[in-house]
Amino acid sequence: MTDRELISAALGARRDSYSPYSGCRVGAALLTADGELFTGCNVENASFGLTVCAERTAFFKAVSAGKRDFLKIAVAGGKGDKPDTYFYPCGACRQVMKEFCGGDFEIITAVDEDDYVTKTLDELLPLGFGPGEVKD
Ligand code: THU
């Protein structure tokens, strides 16, 4: 799967965003090591703290389907009809990525298929705390 295809999937997932409170529509598309794709959108709640981000929706869908190895995720978000800015994952989502991914896991934040930035998890969560510190 190309980065362009992954971004298209994130933009598609963004259409299902449930975001009546913030108006920020976010979509994510997660690629597993065995080539499967899991998408997610943000799901808000009247009790604001219960909101789940698009990235974590995608991760939890994949993990609950038995996946544990991941290559990259594309994220697209913004308030307008189309994204107009780079939406980087929040701290909570970076920590969930850290649970399952190595430092070379790629995070693509996209305005569209031709306008995107790629960072690694090590770049977005330097010196992070992860399962290696806890597991025997
Ligand atoms: N949001 C995401 O879905 N992903 C992020 O990485 C940042 C924030 C959502 C949560 C909330 O619904 C809205 O964007 C505003 O914070």
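## Exercises: the ligand and the cysteines

In this predicted model, an oxygen atom of the ligand comes 2.5 Å from an N or O atom in the side chain of glutamate 44. Let's work outward from there.

**Exercise 1.** Find out how much of the ligand's surface the protein buries.

*Solution.* Start with the contact just given: glutamate 44 at 2.5 Å from a ligand oxygen. Next, look at glutamate 55, where a polar side-chain atom sits 2.6 Å from an oxygen atom of the ligand. Then add asparagine 42, with a side-chain N or O atom 2.9 Å from a ligand oxygen. Now for the surface: on its own the ligand exposes 370 Å², and the protein buries 81% of that. As for the site, the ligand takes up the space of the largest pocket.

**Exercise 2.** Sort the shell around the ligand into nonpolar, polar and charged residues.

*Solution.* First list who is there: Ser22, Cys24, Val26, Asn42, Glu44, Thr51, Cys53, Ala54, Glu55, Tyr88, Pro89 and Cys90. Then sort them, and you get seven nonpolar, three polar and two charged residues.

**Exercise 3.** Work out why cysteine 90 and cysteine 101 form no disulfide.

*Solution.* The cut-off you need is 2.5 Å between two cysteine sulfur atoms. Take cysteine 90: its closest cysteine sulfur is in cysteine 93, 3.7 Å away, so that's too far for a bond. Now cysteine 101: the closest cysteine sulfur is again in cysteine 93, but at 12 Å, so a bond is out here too. The total for the model is zero disulfides.

**Exercise 4.** Decide whether cysteine 101 is buried or exposed.

*Solution.* Buried means under 20% relative accessible area. Cysteine 101 has 10%, so it's buried. Cysteine 90, with 30%, is partly exposed.

How values were computed:
Residues are numbered from 1 along each chain as its sequence is written. This is a predicted model: local features need pLDDT of at least 70, side-chain atom pairs count only at pLDDT 80 or more; totals for chains, interfaces and linings use all residues. Side-chain values use heavy atoms; hydrogens and water are left out. A residue is near a molecule or strand if one of its heavy atoms lies within 4 Å of it. A polar contact is a pair of N or O atoms within 3.5 Å; within protein, one must be able to donate a hydrogen and the other to accept it, and residues adjacent in sequence count only if both atoms are side-chain atoms. Accessible areas come from the Shrake-Rupley method with a 1.4 Å probe; for residues, only the protein chains shown count as cover. On a 1 Å grid over the protein atoms alone, a cavity is a set of points where a 1.4 Å probe fits but cannot get out, and a pocket is an open set with protein on both sides within 12 Å along at least five of seven lines; lining residues have an atom within 4 Å of a point. A molecule sits in a cavity or pocket if more than half of its atoms lie within 2 Å of its grid points. Ala, Val, Leu, Ile, Met, Phe, Trp, Tyr, Cys and Pro count as nonpolar, Asp, Glu, Lys and Arg as charged, and the others, Gly among them, as polar. Buried means under 20% relative accessible area, exposed over 50%, partly exposed in between (1.4 Å probe, protein chains only).
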